[in-house]
Amino acid sequence: MADNRSERNAGIDTTRPSIARAYDVVLNGKDNFEVDRAFVAEIVKVVPEIYDVAAYNRQILGRGVRFLSGQGITQFVDLGSGLPTEENTHQVAQRANPESRVVYVDNDPMVLAHGRALLAENDRTAVITSDLRDTEAILSDPAFKNLIDLGRPVAVMLVGILHHLHDDEDPRAIVEAYMAAVPPGSYLFITHFCASTQESRDAERKYLALLGTGRFRTPEEITAFFDGFELLDPGVVPLPLWRPDGPVPRKLTVGQQLMYGGIAYKR
Ligand code: SAM
């Protein structure tokens, strides 16, 4: 459990749940506070499987990064990267190719306090503590320019983050800004909360009321983020169905349908 007193001066607000820390709770991490655990306890009431949902998301992150490495991608921009956990993007990517470079972007001060040392563990990884909505600032950040060569293909990762952007923040324009900056041969990797069941609608109400964000978009709305790019098989699907490593159940549970994801290619 994190210690309130030591965090007080780091700009960390322990009176309200944070997206990064609430996610840390469902990943069974230690970088969270009572307020984050209380929020998750409320979500558990409508989606008891929420811990499994976080695991499905981390599993597709690993499968997606391995897939992209297999396509020859060695540059990854992981937007809304979260607190360090197991199998972080750079660990998966650098296992596939030690030369892989990863830039993590997150705006949570806890990621700065606890994540920087762990995530930026070699000279091919960096953590930028900024708001990903400020696309120009990210793309011109010295740490970004130092690691990412925009003359070569890049994987733009928005994994488990776009649902935390409201419609009036124009998440589509943010996706477009990053994708416009990267050259043909690049990829877009998205996972997203999906309005797939009554439980997902109940969860959305709780997220919006208690966390302030959590827009559960329809499969069509999530697919629209990929407009203009070549959506790769199997398209935008419930996470366990995206290029699974093993057999998948015929009938998906509520939790298995709570997030959808996919990867597209920029021609
Ligand atoms: N991408 C990781 C994954 O899927 O395992 C972490 C996802 S976590 C649910 C979302 C992360 O996005 C949190 O760490 C949060 O702090 C971060 N985040 C939320 N809004 C952000 C913003 N506007 N700019 C940068 N990071 C943001």
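**Exercise 1. Strand β4 and its partners**

In this predicted model, find which way β4 and strand β5 (residues 187–193) run and how many bridges join them, and then work out which other strand is joined to β4.

*Solution.* Begin with the pair named in the task: β4 and β5 run parallel, and five bridges join them. A single bridge can be followed at M157, whose partner in β5 is F189. Next, turn to strand β1 (residues 75–79), which also runs parallel to β4 and is joined to it by three bridges. Here the bridge partner of D78 is M157 in β4, so that M157 has a bridge partner in β1 and another in β5.

**Exercise 2. The two sides of a strand**

Decide which residues of β4 point one way and which the other way, and whether they are buried or exposed.

*Solution.* The step to start from is a general one: in a regular strand, side chains alternate between the two faces of the sheet. In β4, A155, M157 and V159 point one way, while V156 and L158 point the other way. To judge burial, recall that a residue counts as buried if 20 or more other C-beta atoms lie within 10 Å of its own. The residues on both sides of β4 are all buried, which fits the count for the strand as a whole, residues 155–159, where five of five residues are buried.

**Exercise 3. Another parallel pair**

Determine how many bridges β2 and β3 share and in which sense they pair, and how many residues of β3 are buried.

*Solution.* First look at the pairing, which is in the parallel sense and extends over five bridges. Then pick out one of these contacts by its residues: Y104 has V127 of β3 as its bridge partner. Finally, consider the cover of β3, which spans residues 125–129 and is mostly covered, with four of its five residues buried.

**Exercise 4. A helix and what covers it**

List the buried residues of helix α5 (residues 89–96) and find which elements are included in their cover.

*Solution.* Reading along α5, the buried residues are T89, H90, V92, A93 and Q94. Their cover includes both helices and strands, among them α4 and α6 (109–119) as well as β1, β2, β3 and β4.

**Exercise 5. The length of a helix and a distant residue**

Compare the span of helix α10 (residues 198–211) with the expected span, and then explain why D202 counts as partly exposed.

*Solution.* Helix α10 has 14 residues and reaches 19 Å from its first C-alpha to its last, which is close to the 20 Å expected at 1.5 Å a residue. The helix is followed by G212, a residue with a positive phi near 95°. Within α10 lies D202, and because 15 other C-beta atoms lie within 10 Å of it, D202 is partly exposed. As a last step, measure along two routes from D202 to A96: they are 106 residues apart in sequence, and 40 Å apart in space from C-alpha to C-alpha.

**Exercise 6. Backbone exceptions**

Find which peptide bond is cis, and what phi values N28 and R243 have.

*Solution.* The background is that most residues other than glycine have a negative phi, and that most peptide bonds are trans. The cis bond joins D233 and P234, with omega about 5°, and P234 lies in the loop between β6 (230–231) and β7 (237–238). N28 has a positive phi near 60° although it is not a glycine, and it lies in the loop between α2 and α3 (34–46). With 12 other C-beta atoms within 10 Å, N28 is exposed. R243, also not a glycine, has a positive phi near 40° and is found in the loop between β7 and β8 (259–265). R243 has 15 C-beta neighbours inside 10 Å and therefore counts as partly exposed.

**Exercise 7. The ligand shell**

Work out how many residues surround the ligand and how they divide by character.

*Solution.* The ligand is surrounded by 21 residues, of which the closest are A20, G80, G82, D108 and G160. By character, the shell divides into nine nonpolar, seven polar and five charged residues. Finally, ask where in the chain they come from: α2 (19–26), α4 (50–70) and β2 (101–106) each supply at least two residues of the shell.

Conventions
Residues numbered from 1 in each chain as written. Predicted model: local features only at pLDDT ≥ 70, side-chain atom pairs only at ≥ 80, totals over all residues. Expected span 1.5 Å × (residues − 1). Near = placed C-beta within 6 Å. Nonpolar A, V, L, I, M, F, W, Y, C, P; charged D, E, K, R; others polar. Pairing = 2+ DSSP bridges. Contact = placed C-beta atoms within 7 Å.
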